[in-house]
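Let's take a walk through this one, strand by strand and helix by helix. Have the viewer open and follow along.

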Amino acid sequence: MKLTLVAGLFAGAAATPNLDVWNGKSLVKVDLSDLVTREAFHHLEESAGLDVWGHGRDYAEVMFDDAIADAGFKYEVVTADLHEHFTNFFASEPVCEEGKERCVGSSTSFKDLNTTIDDEYYTQYQRFDTIVAKMDTIEAESDLVEQFTFGKSFEGRDLKGFKVTGSSGFDNGKKVAVYNCGTHAREWIPPAFCVYLVHNLAAEYGSDSTITALLDEFEIHTIPITNPDGYEYSHTSSNMWRKSRKPNEGVRASVGTDLNRNFEYMWGTGGSSSLPTSDSYMGAAPFDNPESRALADYWNSLTNAVVQMDIHAYGGMWMYPMGYKSESNCRTAADKRNCGVESEADFNAHELCGMASKAAVEAVNGYTFDVGPIPYVIYQASGSTCDYAYATSGIRWAYAIEVRGNNFQPPVSNIKLSNAELYEGVKAQLECIASTLILEAAGVSLKLD
Ligand SMILES: [Zn+2]
């Protein structure tokens, strides 16, 4: 017992990431509102090795580098002192200024979120072992929940998912909906949702008529941590780590692949990097990381999956394929269609159910998502989960979303709110999919307004 305690304390002491790397560093927001500027910026990003954190349709949030000013880009300062920012974030007694959104532990008052589960677990960011333990507890408490293991990470951690369905049980021809979180290590808020979704669905089955109907029609699968090695590394060593932890051969001190650029469909065709040191490194070959290979194999093993959604942070974007298409195809509002999938029916299906989710999320607390193909909403990204799930695994509705917040690790007060928003977004998505399939079976084709 004593030994366990000592080991536990030691693990706790070692668990603080190194914040000295942020001395003298600041985060700026670069204006990318025209296509020429965007293309120039992406070129500089690659050549100067810029560290881009956030990206929207008209801006990028990036660690300041003299090259940005030298090239004449317009920018404003978002966080002047990242060392101070992260020191405050990781402090056990954070210094909170009244009304400052980024302040950890601030008691921002949200209206009643109307969720069934109210659990201390969702009041802080959790480590991998705690997440796994929570999945065990939820499975033990509900007859409707089962776990599965679909592979091992590079460092040997189990790749685990869990699923929930109505009382008639699994594997009886129901439609399958798959949600995965934690593909990018530093994005700490989505994994909370992948646990919460199963947890709250199981709790509401039998008492909430909408949820009961949905779980009688669908199996819901979630994978809380797709990239467990990177996730743990972001907690213990480098808090802004994004990639996997597999070393890159022949490149000294270079570790990790961007798993969301490592999928086989249209791999390496733009919006990913062949430089192993880059944060968007696509790998030496498609699926040369065990985590991406296992996730694809798992999707391909499903016979009746209708939706797959990869959940990221941050910025409020609800996106769908095709990520590999060039932004120049669709960077005007009228051309949204040109970056989508070829099939008009499938494009309409993605757009319609994306808009249904957007409206449902907005009704919770006014937060809005941008909906559209990946290159239209954010930027070109080939080798993504989303394109592969649609084009190769044959999962008709494939989404990749960026959830609320203006940071990869926003104040923990965002966790419950994000969970409540995404829960409504997923409910609306599943209702939209179910009704679309019924209409199509009756010969009615989808039309957009
Ligand atoms: Zn991400």
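Phe162 has Thr222 in β8 as its bridge partner. Strand β8 covers residues 218-223, and 3 bridges join β6 to it in the antiparallel sense. Two strands count as paired here if DSSP finds at least two bridges between them. The elements themselves are DSSP runs numbered from the N terminus, with helices being H or I over at least four residues and strands E over at least two.

Before going on, a word on what you're looking at: this is a predicted model, where local features need pLDDT of at least 70, side-chain atom pairs count only at pLDDT 80 or more, and totals for chains, interfaces and linings use all residues. Residues are numbered from 1 along each chain as its sequence is written.

Back to β6, which also pairs with β5, antiparallel over 7 bridges. One of the partnerships is Val145 with Val164 in β6. The two strands make a hairpin with 5 residues between them, and Gly156 in the turn has a positive phi of about 95°. Of the 7 residues of β6, 6 are buried, so the strand is largely enclosed by the rest of the structure. Buried means that 20 or more other C-beta atoms lie within 10 Å of a residue's own; exposed means 12 or fewer, partly exposed is in between, and the C-beta atoms are placed from the backbone.

Now for helix α5, residues 128-141. Its 14 residues should span 20 Å at 1.5 Å a residue, and the end C-alpha atoms are indeed 20 Å apart. (The expected span is 1.5 Å times one less than the number of residues.) Which residues of α5 are buried? They are Phe128, Ile131, Met135 and Ile138. These cover an arc of only 80° around the axis, which puts them on the same side of α5; the arc is that of the directions from the helix axis to the C-beta atoms. An α-helix has 3.6 residues a turn, so residues three or four places apart point the same way. On the other side of α5, Asp129, Asp136, Thr137, Ala140 and Glu141 are exposed. The buried residues pack against β5 (145-152), β6 (158-164), α6 (190-204) and α8 (228-236), where contact means C-beta atoms, placed from the backbone, within 7 Å.

Next, a few backbone oddities. Met266 and Phe287 are both in the loop between α8 and α9. Phi of Met266 is near 55°, positive in a residue other than glycine, and Met266 is buried, with 21 other C-beta atoms within 10 Å. Phe287 isn't a glycine either, yet has a positive phi of about 60°; Phe287 is buried too, with 20 other C-beta atoms within 10 Å.

There are cis peptide bonds to check as well. One joins Ala313 and Tyr314, with omega about 10°, and Tyr314 is in the loop between β9 (305-313) and β10 (317-320). The bond from Pro321 to Met322 is also cis, with omega near 15°, and Met322 lies in the loop between β10 and α10 (344-365).

Finally, look at Gln380, in the loop between α11 (374-377) and α12 (385-391). Is Gln380 buried or exposed? Gln380 is buried, with 21 other C-beta atoms within 10 Å. Leaving aside neighbours within four places in sequence, its contacts include Gly270, Gly271, Tyr324 and Pro375.

Note on methods. The expected span of a helix is 1.5 Å times one less than its number of residues. Two residues are in contact if their C-beta atoms, placed from the backbone, lie within 7 Å.
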